[in-house]
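Dear colleague,

I am handing over the structure we spoke about, so that you can look through it at your own pace. Please open it first, and then read the notes underneath alongside it.

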Amino acid sequence: MKLHKNAKVELVRKIPLFKHCTARELGEIAAIADELDLKEGTELTREGKAGREFFVIVEGAADVLMGKKWINSVRQGDFLGEIALITGRPRTATVKATSPVRVLVITARNFRGLLERSPEIQRKVLLSMAERLATAAL
């Protein structure tokens, strides 16, 4: 079953990268998020490969692996790939679905287009990134 616009907005609202965005801006972000159903065993990301998309887990679960070592599991409401979305840097881990998974996907191309069209969203995303870096430096 497809998510309604409001449900997509609520998922996007929980992502720290977008914490300064207004309801209207969250709607714009949600509008560029595609909903996909993936099979168990599908790799959402592969360690060392370029990151070109950001994922929000809508349903299901996936394991996060570095090398062959299990690091964590992600479930409904969790997200991954936000740093790669902005930087394009290689993935730091492999994320593999351990069940059928429904995800929201925001591609780097769509995200860059949104930021070019909306300098205010761009400013707020940069503010969130700066806050995250400042906190990590403490």
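The notes below go through the aromatic rings, the largest pocket and two individual residues.

Please keep in mind throughout that this is a predicted model.

I begin with the aromatic rings, where the structure holds 3 aromatic pairs. One of them is formed by Phe54 and Phe79, whose rings lie 6.1 Å apart centre to centre with 45° between the planes, an arrangement that is classed as tilted. This pair links distant parts of the chain, since Phe54 belongs to strand 3 (residues 53-59) and Phe79 to strand 6 (residues 79-80), with the two positions 25 residues apart. As for their surroundings, Phe54 has a relative accessibility of 0% and therefore counts as buried, whereas Phe79, at 25%, counts as partly exposed. Ring pairs also join Phe54 and Phe79 with Phe18 and Phe111 in a cluster.

Next comes the largest pocket, which has a volume of about 380 Å³. It is lined by 16 residues, and those closest to its centre are Leu80, Gly81, Glu82, Thr92 and Ala93. Strand 5 (69-74), strand 6 and helix 3 (82-87) each contribute at least two residues to this lining, and helix 3 gives the most, with 3 residues. Sorted by character, the lining of the largest pocket consists of 9 nonpolar, 4 polar and 3 charged residues.

A residue that you may like to centre the view on is Ser128, which is found in helix 5 (residues 119-137). Ser128 has a relative accessible area of 6%, and because the cut-off for buried is under 20%, it counts as buried. Leaving aside residues up to four places away in sequence, Ser128 touches Pro16, Leu17, Lys19 and His20. With Leu17 there is also an approach between polar atoms, in which a polar atom of the Ser128 side chain lies 3.2 Å from the backbone oxygen of Leu17.

The last residue on my list is Asn110, which sits in helix 4 (residues 108-117). Its relative accessibility is 30%, so Asn110 counts as partly exposed. If you would like a distance to check on your screen, the C-alpha atoms of Asn110 and Gly60 are separated by 25 Å, and these two residues are 50 residues apart along the chain.

With best wishes

Methods. Residues are numbered from 1 along each chain as its sequence is written. This is a predicted model: local features need pLDDT of at least 70, side-chain atom pairs count only at pLDDT 80 or more; totals for chains, interfaces and linings use all residues. Side-chain values use heavy atoms; hydrogens and water are left out. Helices (H or I, at least four residues) and strands (E, at least two) are DSSP runs, numbered from the N terminus. Buried means under 20% relative accessible area, exposed over 50%, partly exposed in between (1.4 Å probe, protein chains only). A polar contact is a pair of N or O atoms within 3.5 Å; within protein, one must be able to donate a hydrogen and the other to accept it, and residues adjacent in sequence count only if both atoms are side-chain atoms. Contact means heavy atoms within 4.5 Å. Rings of Phe, Tyr and Trp (its six-membered ring) pair if their centres lie within 6.5 Å; planes under 30 degrees apart count as stacked, over 60 as edge-to-face and the rest as tilted. On a 1 Å grid over the protein atoms alone, a cavity is a set of points where a 1.4 Å probe fits but cannot get out, and a pocket is an open set with protein on both sides within 12 Å along at least five of seven lines; lining residues have an atom within 4 Å of a point. Grid points are joined across faces, edges and corners, and a volume is the space filled by probe spheres set on the points. Ala, Val, Leu, Ile, Met, Phe, Trp, Tyr, Cys and Pro count as nonpolar, Asp, Glu, Lys and Arg as charged, and the others, Gly among them, as polar.
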